[in-house]
Amino acid sequence: MSLVSQDGNLKVSFTLNGRATTVQTTSTRVVSDLLRDDMNMKGTRVSCGRTVCGACSVLVDGFPRAACSTFTFELEGRDVQTIEGVEGSDGSLDPVQTAFARKSAFQCGFCTSGMILLAKSLLAAHPDPDRETIIAWISSNICRCTGYELIIEAVQDAAKAIKAEAGA
Ligand code: FES
Ligand code: FES
């Protein structure tokens with residue numbers, strides 16, 4: 001549970017990319033500002049800042065949340081994953097990252113952190129999604145560059161790679 005510290009800030013504890021984390025912050029601090037400005041984790045992108053574009057998506061307990069519109073205190077006790085936590089501890093790329101690179105599923109890259117996290121969330125819930133399910137799942141994140149086709153192909157590619165890895 002969040003505690004109010006002597007300076008009036010909130011003390012919020014959660015797991016961030018696998019590590020127990022406690023921050024002291026104001027009651028109005030949103031997660032994207034916490035990550036980018038207080039923790040110097042710039043991988044979470046902010047575009048609209050008002051829950052419209054999805055660029056700032058992070059995973060909270062495995063499901064996407066708009067970091068620009070989530071208060072830090074809402075993270076209390078939760079498991080949070082950002083793009084910085086996707087690669088392996090040895091620096092190896094996640095299969096979703098590899099698939100995005102293989103398919104060149106980005107141009108400016110502004111939506112890419114969110115797209116990769118959305119894809120990870122989707123494949124954890126639906127390991128073998130059909131095209132319509134992929135489209136529905138990534139539709140919360142607006143890509144202004146790619147026309148989506150390469151992103152859809154990358155998610156399909158990642159699904160195959162993860163399945164092959166599991167069967168290996
Ligand atoms: S920046 Fe958060 S939804 Fe657009
Ligand atoms: S690659 Fe530019 S917004 Fe998606």
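1. Domain 1 and domain 2 bury about 1,300 Å² between them, with carbon and sulfur atoms giving 62% of that. Buried area here is the accessible area (1.4 Å probe) that two parts lose on being put together, summed over both. Arg45, Cys53 and Ile83 supply 35% of what domain 1 buries against domain 2, more than any other three residues.

2. A word on the source: this is a predicted model, where local features need pLDDT of at least 70, side-chain atom pairs count only at pLDDT 80 or more, and totals for chains, interfaces and linings use all residues. Residues are numbered from 1 along each chain as its sequence is written, chains are lettered from A and ligands numbered from 1 in the order in which they are written, and side-chain values use heavy atoms, with hydrogens and water left out.

3. Where are the domains? An automatic or database assignment puts domain 1 at 9-85 and domain 2 at 95-167. Contact (heavy atoms within 4.5 Å) links 17 residues of domain 1 with 14 residues of domain 2.

4. Now for helix α1, residues 31-38 (a DSSP run of H or I, at least four residues; strands are E, at least two; both numbered from the N terminus). Val31, Ser32, Leu34 and Leu35 are buried there, meaning under 20% relative accessible area (1.4 Å probe, protein chains only). Down the axis of α1, the buried residues fall within an arc of 165° (directions from the axis to the C-beta atoms), so they line one face. These residues pack against β2 (10-16), β3 (19-25) and β4 (57-60).

5. Just after α1, Asn40 takes a positive phi of about 55°.

Notes
Buried < 20%, exposed > 50% of the residue type's maximum accessible area, 1.4 Å probe, protein only.
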